[in-house]
Amino acid sequence: MNKTLLKITGVSSAVFITLSAMFALTTVSAEEVKRKSQKPLSADNPLDEIISGYEFRSSRTQALQDDDFENPAFLWVDNGEELWNTVEGAAGKSCASCHSDAEKSMNGVSASYPKYSEQAGKVINTEQRINKCRTDNMKAKAYKWESPDMLAITAYVTTQSKGVPVNVKTDGKAKASFENGEKLFYQRRGQLDLACSNCHEDNYGSYIRADMLSQGHSNGFPTYRLKWQGLGSLHRRFRGCNKNVRATPYGFGSQEYVDLELYLAWRGNGLPVESPSVRN
Amino acid sequence: MAIIKPRVKSPKKAEKGEVIEIKALISHPMESGNRKDKKGQPIPKNMIKHFKCEYNGVVVFEIDFLSSTSANPFLTFKTVATESGELVFTWTEDSGNVYSKTSKITVE
């Protein structure tokens, strides 16, 4: 019997200790990378080609996302599945009581959010839709934004749309929100006087210090960010970007961010949903 | 993340003598003890200090984690499929809490 005893001490650093990979370290030069792109659905889209954030990450980060086991975000998805079947609130219901099998009922749902809600009278995103269900239908307490439970259930619901092309509606009652989102995208802000577009439209594919700029699409959110060592929402990312340009961020779930989310989703209309993705 | 949960992926079937790949992941904050909370109070150290994998009672892989290992540590390692039986994975926390997971393997 082969008895291999490996005793390893003193492993410091290392974001992920992948022992097998330690022996096969390869470097990929940035020039060789070919990015998969597609034509945007709308002719009004300012981008000639749309590229998912996945294409801007290193092959090692991509490998983490490609395998549902290695992807640490699936720890949240597992918890989300439990929450889906947990009865909570005065109405004695769980998500599953009405929506039964999430794999069927939630397929493609997130790809159409943010969306105008007649009940709310405004455009709302996936997180807000879930909380609305909790307070209105389950008579349960709304989840706190960015709480582990909120992230878990959002990741679980969103991942059911994996591979479905993003397709948000921007006409009709959503039009005002969409236009406000566009305004926010091109509005310079903060001490650095930068708009979203300065990085994510004019300079994607270039390095900003050690990080490569993407086109800023929302199809991978909620995302497991290696820097965060955890899952995070798009609004957390917005706040981070705003702080980076020394601007005062809006609040989690603020209408400004929901509008911006709608505009961003429209820019990426046609890209497949990747959540939960892995980014650095 | 408040909930600590192990995940393991290992082949259910293998041929005798085959090299099998095992993956193990646990959700854990891995607090180093060097950080402070918003009020300036130190956050107590809370790490997984040791992981081991036993194959029918024989330790085939073990590791001591030190202070700068990231949250949600993920391991990949290989071993040789020798006989049918059980793989037992054990994570030990500083506090002495033990999290474990078992998977079965059939060797033909």
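The following paragraphs describe the fold of chain A, the strand pairing in chain B, and the backbone features of both chains in a predicted model.

In chain A, the secondary structure amounts to eleven helices and eight strands. Of the 280 residues in this chain, 35% are buried. Among the contacts in chain A with a separation of 6 or more, 70% are made by residues 24 or more positions apart. The domain assignment divides chain A into domain 1, which comprises residues 36-71 together with 166-279, and domain 2, which covers residues 74-159. Domain 1 is thus given in two segments of the chain, whereas domain 2 is given as one.

The C-alpha centres of domain 1 and domain 2 of chain A are separated by 22 Å, and the contact between these domains draws 25 residues from domain 1 and 22 residues from domain 2. On the side of domain 1 of chain A that touches domain 2, the most is given by helix α11 (residues 255-267), which supplies six residues. In composition, this side of domain 1 of chain A consists of eleven nonpolar, eight polar and six charged residues.

Two helices of chain A, α6 (residues 126-137) and α7 (residues 148-159), pack against each other with their axes 10 Å apart and at an angle of about 110°. Since angles of 65 to 115 degrees count as roughly perpendicular, α6(A) and α7(A) are therefore described as roughly perpendicular to each other. On the side of α6(A), the contact is formed by Thr126(A), Glu127(A) and Ile130(A), which meet Met150(A), Ile153(A), Thr154(A), Val157(A) and Thr158(A) of α7(A). The residues of this contact between α6(A) and α7(A) comprise four nonpolar, three polar and one charged.

Turning to chain B, an open sheet of three strands is found with the order β1-β3-β6 and antiparallel pairing. The edges of this sheet are occupied by β1 (6-9) and β6 (74-80) of chain B, each of which has a single partner strand, so that one side of each is left without a neighbour in the sheet. From one strand to the next, the twist averages 20°. Within the sheet, strand β3 (residues 19-26) of chain B is paired with β6(B) in the antiparallel sense over seven bridges, and in this pairing Leu75(B) in β6(B) is the bridge partner of Ala24(B).

Strand β8 (residues 98-107) of chain B takes part in pairings of both senses, being joined in parallel to strand β2 (residues 13-14) of chain B by two bridges and in the antiparallel sense to strand β7 (residues 85-93) of chain B over eight bridges. In the parallel pairing, Lys13(B) stands opposite Thr106(B) in β8(B), while in the pairing of β7(B) with β8(B), Thr92(B) stands opposite Val98(B). The strands β7(B) and β8(B) form a hairpin with four residues between them, in which Gly96(B) adopts a positive phi near 100°.

Several further backbone features may be set against a general background: most residues other than glycine have a negative phi, and most peptide bonds are trans. In chain A, a cis peptide bond with omega of about 0° joins Tyr113(A) to Pro114(A), and Pro114(A) is placed in the loop between α5 (102-105) and β2 (115-117) of chain A. Another cis peptide bond, likewise with omega of about 0°, joins Phe221(A) to Pro222(A), where Pro222(A) belongs to the loop between β5 (211-212) and β6 (223-225) of chain A.

Positive phi values are also found in residues other than glycine. Ser100(A), which is not a glycine, has a positive phi of about 40° and is located in the loop between α4 (95-99) and α5 of chain A. With 11 other C-beta atoms within 10 Å, Ser100(A) is exposed, because a residue with 12 or fewer such neighbours is assigned to that class. In chain B, Met30(B), also a residue other than glycine, has a positive phi near 50° and is placed in the loop between β3 and β4 (48-55) of chain B. Met30(B) has 18 C-beta neighbours inside 10 Å and therefore counts as partly exposed.

Technical notes
Residues are numbered from 1 along each chain as its sequence is written. Chains are lettered from A and ligands numbered from 1 in the order in which they are written. This is a predicted model: local features need pLDDT of at least 70, side-chain atom pairs count only at pLDDT 80 or more; totals for chains, interfaces and linings use all residues. Axes are lines fitted to C-alpha atoms, for helices over the stretch in contact, and angles run from 0 to 180 degrees between N-to-C directions. Angles under 35 degrees count as roughly parallel, over 145 as roughly antiparallel, 65 to 115 as roughly perpendicular and the rest as oblique. Two residues are in contact if their C-beta atoms, placed from the backbone, lie within 7 Å. Ala, Val, Leu, Ile, Met, Phe, Trp, Tyr, Cys and Pro count as nonpolar, Asp, Glu, Lys and Arg as charged, and the others, Gly among them, as polar. Domain bounds come from an automatic or database domain assignment. Two strands pair if DSSP finds at least two bridges between them. A residue is buried if 20 or more other C-beta atoms lie within 10 Å of its own, exposed if 12 or fewer, and partly exposed in between; C-beta atoms are placed from the backbone.
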